[in-house]
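The following exercises ask the reader to work from a model to statements about its parts. Each task is followed by a solution in steps.

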Amino acid sequence: MKHALIAACVFAVMAGPRIRGAALDRLYVAQPFRAAPTADGRPDRLRAFGGMASLAVARAESVRAEAEGLRDESPALAVDQIRVGILRPGGGYAVTSIPIETYVARVLAGEAVRDSQPAALEALAITIRTFAAANLRRHGADGFDLCDQTHCQVVRAAVAATERAAQATAGRLLLLRNGVPASIYYTASCGGRTEIPSDVWPGAEDPPFLPSRADDACEGAPAWTASLGEEDLLRALRAGGFRGDRLRDVRIALRNASGRVAQLTLEGLRPGTISGQDLRVVVGRTLGWQHIKSTVFDLRRQGDSYRFTGHGSGHGVGMCVIGAAKLAERGTTAAAILAKYFPGLEISGLSSTAAPPSVPGRTTASGMEVMVSLPDDDEGARAAVVRDTARARDEVAQALGVAPPPRVTLRFHPTTDAYEKATGQPWFTSGTLVRGEIHVLPLATLRDRGLVDRTIRHELVHLMTDTALAQRPAWVREGAAIFYAGGAPPVPTGSRPRPAFKPEPRTPCPDDIELLRPVSVGALSYAYARARVCFEKQIAAGKSWRDVK
């Protein structure tokens, strides 16, 4: 049964490369929603970090949660083991429990710059441990805490140096002045200037401990160039959901304050613009992550190809791992490295005023769970997605006059293909229910068109009404979803603009097959419009949604 909003086109969602050349992770959720890994190395990491209780990792809440309408109502869960999902060669995960400090040592072996000095390893160990605390529930919907791939933290065999760093920093994490664990990030190389979160993930907050500032430690390494043929670039953009027969030109249109590419124009395609971050995603997922390593680049056309010249690797937010390694080589201590990249934060265990916090699992203000699955580089948007989904759930439930579901699971897919494979729905739908879980297209696709909230609300209506309306025609269920989501679903952008469908008052309600097995974008759009008209007629006549037939 399909329950979907029509979306425009699809961008691939970014997953950052890693430093030491391990295989690229393509498995973001449980086995039924898998894409195959590739063999190229990826020098970037996205990490969101929080805190733990004393020497034990606890379920964690985002630092911003209290201000965003989230609070902790479950008791703190202190554990000494982490349930890690180990990627199987044939797909899916094998779950194993690993002692916390063993886990830190093994992740250090997978994440640190090779031959790093002890100070660099210790600084990274603190962030790894804090990440584990903040993200124990990242794979909660899949039956474990964290995976062993780039989506969470790469787990490899520990060596003596990483074991020493883990033990030397055991239990320590970064805290705000009031003892609350900080939410921080790190990147392979900032390219000479760190970035603020909102310039990478629209809507993210920019706390003072994540500034954009010059950094001479990494010395702009690595410098890189890439040449992409017109046909290859067009193929990548089409795979990302762009439409058009020919890519006539690509130009940088806008840079942000840090000098990174914020927006490019795509002459000949629709949509006609793309962010620098999304271009890196689209090219990386289709042509390989070795091409556009960061958004710090210049672009020049050469005949039928485009030449990119840039430096740095990754999103640039937070600690620069290459920079930290070079600082350690100069004799900088672990505490000083962390102070440089996260100004104003304290390290637990080093300050007499900072007591180790007890950090419970995330619930919303109503005590109900919102489980979100995001690909790698969209993890920076997790707090905002959880907050907005919780608010939408409560508002939809109030409008329907029903109790909100105690748990909502929301899965953002990394690509169009991944969404279609997991759901069986065509690319031009934006969301659907699969076994009681909400599946949606890449976050960038919905966000760039202002459709995130409406899509989630649409599927939340289905989640709360489909059981009661199970024996009704499909137009009743879709009409209810459109009506209570707050408006008609948007029409996707194809190769040219399409006029909005406005069915006549006497137009018949759509048949089930028109909604469940649409033959085209236009056909589905027309069926949605008629479903809404039919549903609204009966609501206007005084019927409850439960009585519409």
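**Exercise 1: A helix and what follows**

Task: State which residue with a positive phi comes after helix H4, and determine how the buried residues of H4 are arranged.

Solution. Step 1. After H4 comes Gly-241, which has a positive phi near 100°. The model under study is a predicted one.

Step 2. Helix H4 covers residues 230-239, and its buried residues are Glu-230, Leu-233, Leu-234, Ala-236 and Leu-237.

Step 3. When H4 is viewed down its axis, these buried residues fall within an arc of 160°, so they line one face of the helix.

**Exercise 2: The chain as a whole**

Task: Describe the protein chain by its helices and strands, its buried share, its contacts and its surface.

Solution. Step 1. The protein chain contains 14 helices and 21 strands.

Step 2. It has 549 residues, and 59% of them are buried.

Step 3. Consider the contacts with a separation of 6 or more: 72% of them join residues 24 or more positions apart.

Step 4. The accessible surface is about 20400 Å², and carbon and sulfur atoms account for 51% of this area.

**Exercise 3: Length and cover of helix H1**

Task: Check the span of helix H1 against the expected value, and decide whether the helix is mostly covered or mostly uncovered.

Solution. Step 1. H1 comprises residues 100-111, which is twelve residues. The expected span is 1.5 Å times one less than the number of residues.

Step 2. This rule gives 16 Å for H1, and the C-alpha atoms at its ends are 16 Å apart, so the two values agree.

Step 3. Ten of the twelve residues of H1 are buried, and the helix is therefore mostly covered. Among the buried residues are Ile-100, Tyr-103, Val-104, Val-107 and Leu-108, as well as Glu-101 and Glu-111.

**Exercise 4: The nonpolar cores**

Task: Identify the residues that touch the most other members of the largest nonpolar core, and name the helix that gives the most to this core.

Solution. Step 1. In soluble globular proteins, nonpolar side chains tend to be buried together.

Step 2. The largest nonpolar core has 57 residues, of which Tyr-103, Met-319, Ile-337, Tyr-341 and Phe-342 touch the most other members.

Step 3. Helix H2 (residues 118-134) contributes ten residues to this core, the most of any element.

Step 4. A second core lies apart from this one; it has 46 residues, including Val-452, Leu-460, Ala-474 and Trp-545.

Step 5. Ile-337 may be examined by its contacts. When neighbours within four places in sequence are left aside, the contacts of Ile-337 include Ala-119, Ala-120, Ala-123 and Met-319.

**Exercise 5: Aromatic pairs**

Task: Classify the ring pair of Tyr-185 and Trp-201, and state which parts of the chain the pair ties together.

Solution. Step 1. A pair of aromatic rings is described by the distance of the centres and the angle of the planes.

Step 2. The structure has seven aromatic pairs. In the pair of Tyr-185 and Trp-201, the ring centres are 4.8 Å apart and the planes are at 35°.

Step 3. Planes under 30 degrees apart count as stacked and those over 60 as edge-to-face. The angle of 35° satisfies neither condition, so the pair is tilted.

Step 4. Tyr-185 is in the loop between strand E7 (174-175) and strand E8 (186-187), while Trp-201 is in the loop between E8 and strand E9 (223-229); the pair therefore ties together parts that are 16 residues apart in sequence. Both residues are buried.

Step 5. Elsewhere, Trp-224, Phe-297 and Phe-308 form a cluster linked by ring pairs.

**Exercise 6: Residues in loops**

Task: Decide whether Ser-348, Asp-115 and Glu-219 are buried or exposed, and locate the cis peptide bonds before Pro-222 and Pro-271.

Solution. Step 1. Buried means under 20% relative accessible area, and exposed means over 50%.

Step 2. Ser-348, in the loop between strand E16 (346-347) and strand E17 (363-364), has 4% relative accessibility and so counts as buried.

Step 3. Asp-115 belongs to the loop between H1 and H2; its relative accessibility is 67%, so it counts as exposed. Its phi is positive, near 65°.

Step 4. Glu-219, in the loop between E8 and E9, is exposed because its relative accessible area is 60%. Phi of Glu-219 is also positive, near 60°.

Step 5. The loop between E8 and E9 holds Pro-222, and the peptide bond from Ala-221 to Pro-222 is cis, with omega near -5°.

Step 6. Arg-270 and Pro-271 are likewise joined by a cis peptide bond, with omega about -5°. Pro-271 is placed in the loop between strand E11 (261-267) and strand E12 (273-275).

Note on methods
Residues numbered from 1 in each chain as written. Predicted model: local features only at pLDDT ≥ 70, side-chain atom pairs only at ≥ 80, totals over all residues. Heavy atoms only, no water. Buried < 20%, exposed > 50% of the residue type's maximum accessible area, 1.4 Å probe, protein only. Helix = DSSP H or I, 4+ residues; strand = E, 2+ residues; numbered from the N terminus. Arc of directions from axis to C-beta. Contact = heavy atoms within 4.5 Å. Areas by Shrake-Rupley, 256 points an atom, 1.4 Å probe, with all protein chains shown as cover. Core = buried A, V, L, I, M, F, W, Y, C linked by side-chain atoms within 4.5 Å. Phe/Tyr/Trp six-rings, centres within 6.5 Å; stacked < 30°, edge-to-face > 60°.
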